[in-house]
Amino acid sequence: MYKVDLNSDLGESFGAYTIGLDSQVVQYVSSVNVACGYHAGDPLVMDKTVAAAKAAGVAVGAHPGYPDLMGFGRRNLVCTPAEAKAYVQYQMGALLAFCAAHGVPLQHVKPHGALYNMAAKDEALAAGIAEGIASVDKNVILLGLAGSKLLSAGRAAGLRVASEVFADRAYQADGSLVPRSKPGAVIHDADEAIARTVRMVKEGKVTAITGEEVTIEAHSICVHGDNPDAVEFVRRIRAKLEAEGVTIAPIAQIV
């Protein structure tokens, strides 16, 4: 029996600025990653997002990023593992307050943007993140790129880890994502992206941008919902997976 989580990054609005179609996306996913105020989000948005997730019966995770609001957390910053650890602790703490207020457990932590991608290849940075999570709550699951250093660090820190794959992103031969700055990094053909996703879940394989077959483990699929087309894609991908006999469930029911 096949089982997979569908996750999406929510709560990325800030002040007067609205980003994403959260109220629509939350209907189709099983876990959400809530921005914690560093790359996006603010206290009111965090509160509203946790409440919406609870109402939809969707699991909540923290989505900590670099302290880079202007760059949306997508710029590579230089920081020590100790700084990364503290950044994660601080942001988890912020979200945990809203989880407690709404009586919702914190299921997982998924780093955002540059922090996520850098930790996929940087052992020391990955260790700092994993230690930060473990120091706050060892029962929280670390969600990271399939086959990455981040997952290895999570295991070493005694955490449960979940392998994430991306429905609409191209892969390199080493299993890493093609950088957004390169042509072909994002797959815009919805039918192709959905077919690739089903194959990752059922066969554990994905074709790299250079043609190689890459073995990949898919516990959770990241789907984006920041425009109307993306929301329709989330709906379609869930419908297709269920039609293929795949059960959609939160990460805690999978790892």
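Begin by selecting helix α2, residues 43–56, together with helix α3, residues 81–102, whose axes come within 9 Å and cross at roughly 45 degrees. What is on screen is a predicted model. Angles from 65 to 115 degrees count as roughly perpendicular and those under 35 as roughly parallel, and α2 and α3 are therefore oblique to each other. The crossing of α2 and α3 is right-handed.

Next, show the side chains where these helices touch: on the α2 side select P43, M46, D47, V50, A51 and K54, which meet A94, L95, F98, C99 and H102 of α3. Coloured by class, the residues of this contact divide into eight nonpolar, one polar and two charged.

Keep α2 in view and move to the second largest pocket, where S13, D22, S23, K48 and T49 lie nearest the centre, out of 17 lining residues. This pocket holds about 320 Å³ of space, and α2 gives the largest share of its lining, four residues, while α1 (22–25) also supplies at least two. The lining of the second largest pocket has seven nonpolar, seven polar and three charged residues.

Finally, select R74, D168, R169, R180 and H224, which, of the 48 residues lining the largest pocket, lie nearest its centre. About 1100 Å³ of space lies in this largest pocket. To follow its walls, highlight β1 (2–10), α4 (113–119), α7 (190–203) and α8 (228–243), each of which supplies at least two residues of the lining. Colouring the lining of the largest pocket by class shows 19 nonpolar, 15 polar and 14 charged residues.

Notes: Residues numbered from 1 in each chain as written. Predicted model: local features only at pLDDT ≥ 70, side-chain atom pairs only at ≥ 80, totals over all residues. Heavy atoms only, no water. Axes fitted to C-alpha atoms, helices over the stretch in contact; angles between N-to-C directions. Parallel < 35°, antiparallel > 145°, perpendicular 65-115°, else oblique. Left-handed = near helix turned anticlockwise from the far one by under 90°. Contact = heavy atoms within 4.5 Å. Nonpolar A, V, L, I, M, F, W, Y, C, P; charged D, E, K, R; others polar. 1 Å grid on protein atoms, 1.4 Å probe; cavity = no way out; pocket = protein on both sides within 12 Å on 5 of 7 lines; lining within 4 Å. Points joined across faces, edges and corners; volume = space filled by probe spheres on them.
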